[in-house]
Structures are given as structure tokens and as C-alpha cells.
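Colleague: I have a few questions about this protein. Could we go through the model together?
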Amino acid sequence: MKREVLLQLKHIELCQEENIVFHDASLTLHDREFVYVIGKVGSGKSSLLKSLYCEIPIAQGKAFIMGYDLLRMRKREIPYLRRKLGIVFQDFQLLTDRSVIGNLEFVLKATGWKKKSEILCRIKEVLGQVGMQNKGYKMPHELSGGEQQRIAIARALLNEPKLILADEPTGNLDPETGLQIVQLLHDICRYGTAVIMTTHNYTIVESLPARVVKCENTALCEIN
């Protein structure tokens, strides 16, 4: 079966302020694929992900993600692209003034869901996917770091994205919890959602192998 190309970067250049982050960098990602993006601090891992959800503009080259041309994106198109992506941050970014269900409900309403019954049904589904089905009424501060990251992953899954971008999702977690979170992302990938995960934790990469791409010298290099 022919696999869908979700992401294609060809000879891109990416700059921040006056610094060249990537020059002549290329990367292709297919559906249901898991990719680690590794590299030293400051090598461009987070900048790469930010360019994929239009936080940082790509200066030149060719860049397509799920049918969108990143070099020709109009501002009004960006929210529609982001709805097709799941984004997981290192620091969870949960709303502290509302419960887990309130956090997830906020995202669904903001992305056009209207029916209360459908909203609650979808929330129940994603909480089950991440093993947090009994934590819906908890406030974020009542959860451990690992539990908060599971909720962040549930939030990323709400609109059934084809691709999850996870930026150092284990950075604030202890090693054992971090490994559990990455295992969860691998499980999600096996069910059909592609994952790009940045990390500088080589122990995780060795423990849960997948395709590895390294940010080095303004390029993206495949590691065999």
C-alpha cells in the first residue's frame, strides 16, 4: 500500500534574527512514521517544529505539510493547518484555572465543536487513549508531571491529527516517567498517527528505537 507523504522539506533555509538555523536542509515524513529529531542545545530542533506550525517562517526552499505550502501560507490558513496537527510542549501548557475536562473542552469549542454530548464523548475517548480516564475532574496542579504530559497528549489527539509534533516532551520528567510518555507516543503512532519528537535524551532513543534525524551544522542528517 502506497504511503501518504505528510511532510516534504526540500533545500529549506530557516533563520532566526540574523542566525541561519538551517541551510539546504531536507526531510520527508510519511504517514504512521515515528521520527526522533536529535541534536545539541541550539541546533535547531525546536525551531524546526515551530516552522512546521508557522511560528517561524521558512525563508526559502520547498516546504509542504499535509497539502499546505508553508512558503505561501496566508495568515488566515494557519489555524486550519494547526487543527490538523497535534502539538505537545515540554512544559505541558495546560490552563491552570480549569479541570482536565475543562482544558479539553476549551480546545474542542475553539476548533468548532458545538454539541455537548459529542464533546464529552470525544474527551472520554482521548482520556482513555492516554490512560487518564479517571482524572477528568482533577485540576492540573493535582496531577504529577507525567500525568500532566498525558493530558497534553490527549489534548493533541482531540481533532484526530495525522501528525503529532512533540517538542522535548520528556524534558521536565524523571527518566522512568519520560520513558512511559515516549512509549505512549509510540503506541499512538502504531494506531496511525505520525510523530516527530525532538529530544537530546539518547537513552530514550536507544530504548525505544525509531528513525533518527540529527540537526547538525545547519543540516538535517539521517542517522542509520
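Colleague: Which residue forms a salt bridge with R3, and how far apart are the closest N and O atoms?

Modeller: The partner of R3 is D31, and the closest N and O atoms are 3.6 Å apart. Please bear in mind that this is a predicted model.

Colleague: Which parts of the chain does that pair tie together?

Modeller: D31 sits in the loop between β2 and β3 (34–38), while R3 belongs to the segment before β1, so the salt bridge links parts that are 28 residues apart in sequence.

Colleague: How many salt bridges are there by this rule?

Modeller: The count is 15, taking a side-chain nitrogen of Lys or Arg within 4 Å of a carboxyl oxygen of Asp or Glu.

Colleague: Let us turn to the sheets. In what order do the 4 strands of the antiparallel open sheet come?

Modeller: The order is β2-β1-β4-β5. The edges are formed by β2 (19–30) and β5 (68–69), each of which pairs on one side only.

Colleague: Which helix packs on that sheet?

Modeller: Helix α1, residues 45–52, packs there and touches β1 (5–16), β2 and β4. The direction of α1 makes about 120 degrees with that of β1.

Colleague: And how many bridges join β4 to β5?

Modeller: There are 2 bridges between β5 and strand β4, residues 58–65, and the two strands run antiparallel. I65 has Y68 in β5 as its bridge partner.

Colleague: What is the strand order in the open sheet of 6 strands?

Modeller: That sheet runs β6-β7-β8-β3-β9-β10, with mixed pairing. Its edge strands are β6 and β10 (219–223), each pairing on one side only. On average, neighbouring strands are turned by 20 degrees against each other, direction ignored.

Colleague: What holds the strands of a sheet together in general?

Modeller: Strands pair through backbone hydrogen bonds, in either a parallel or an antiparallel arrangement.

Colleague: Are β6 and β7 parallel or antiparallel?

Modeller: β6 and β7 are parallel, paired over 4 bridges. Within that pair, L85 stands opposite L163 in β7. Helix α5 packs on the sheet here, touching β6 and β7, and its direction makes about 165 degrees with that of β6.

Colleague: Which strands does α6 lie across?

Modeller: Helix α6, residues 175–190, lies across β3, β7 and β8 (194–198). It runs at about 140 degrees to β3.

Colleague: How does β9 pair with β3 and with β10, parallel or antiparallel?

Modeller: With β3, the pairing of β9 is parallel over 4 bridges, and I38 has K214 in β9 as its bridge partner. With β10, the pairing is antiparallel over 5 bridges, and C215 is partnered by L220 in β10.

Colleague: Which residue takes a positive phi in the hairpin of β9 and β10?

Modeller: N217 does, with phi near 55 degrees; the hairpin has 2 residues between the strands.

Colleague: Changing topic, what is the volume of the largest pocket?

Modeller: The largest pocket encloses about 590 Å³. It is lined by 20 residues, and those closest to its centre are R82, I87, F89, V107 and R155. Two or more lining residues come from each of α2 (78–83), β6 (85–88), α3 (100–110) and α5 (145–157).

Colleague: Which element gives the largest share of that lining?

Modeller: α3 does, with 4 residues. By class, the lining of the largest pocket comprises 11 nonpolar, 5 polar and 4 charged residues.

Colleague: And the second largest pocket: which residues line it?

Modeller: The lining consists of V21, G39, K40, G42, S43, Y202, K214, C215, E216, N217 and T218. This pocket holds about 170 Å³ of space. Strand β9, residues 211–216, gives the largest share of the lining, 3 residues. The lining divides into 3 nonpolar, 5 polar and 3 charged residues.

Colleague: How many cavities of 30 Å³ or more does the structure hold?

Modeller: There is 1, and the largest cavity has a volume of about 30 Å³. L49, Y53, I87, V88, F89, L165 and D167 line that cavity. β6 and β7 (163–167) each give two or more residues to its lining.

Colleague: How does that cavity lining divide into nonpolar, polar and charged residues?

Modeller: The lining of the largest cavity has 6 nonpolar residues, no polar ones and 1 charged residue.

Conventions: Residues are numbered from 1 along each chain as its sequence is written. This is a predicted model: local features need pLDDT of at least 70, side-chain atom pairs count only at pLDDT 80 or more; totals for chains, interfaces and linings use all residues. Side-chain values use heavy atoms; hydrogens and water are left out. Two strands pair if DSSP finds at least two bridges between them. Contact means heavy atoms within 4.5 Å. Axes are lines fitted to C-alpha atoms, for helices over the stretch in contact, and angles run from 0 to 180 degrees between N-to-C directions. On a 1 Å grid over the protein atoms alone, a cavity is a set of points where a 1.4 Å probe fits but cannot get out, and a pocket is an open set with protein on both sides within 12 Å along at least five of seven lines; lining residues have an atom within 4 Å of a point. Grid points are joined across faces, edges and corners, and a volume is the space filled by probe spheres set on the points. Ala, Val, Leu, Ile, Met, Phe, Trp, Tyr, Cys and Pro count as nonpolar, Asp, Glu, Lys and Arg as charged, and the others, Gly among them, as polar.
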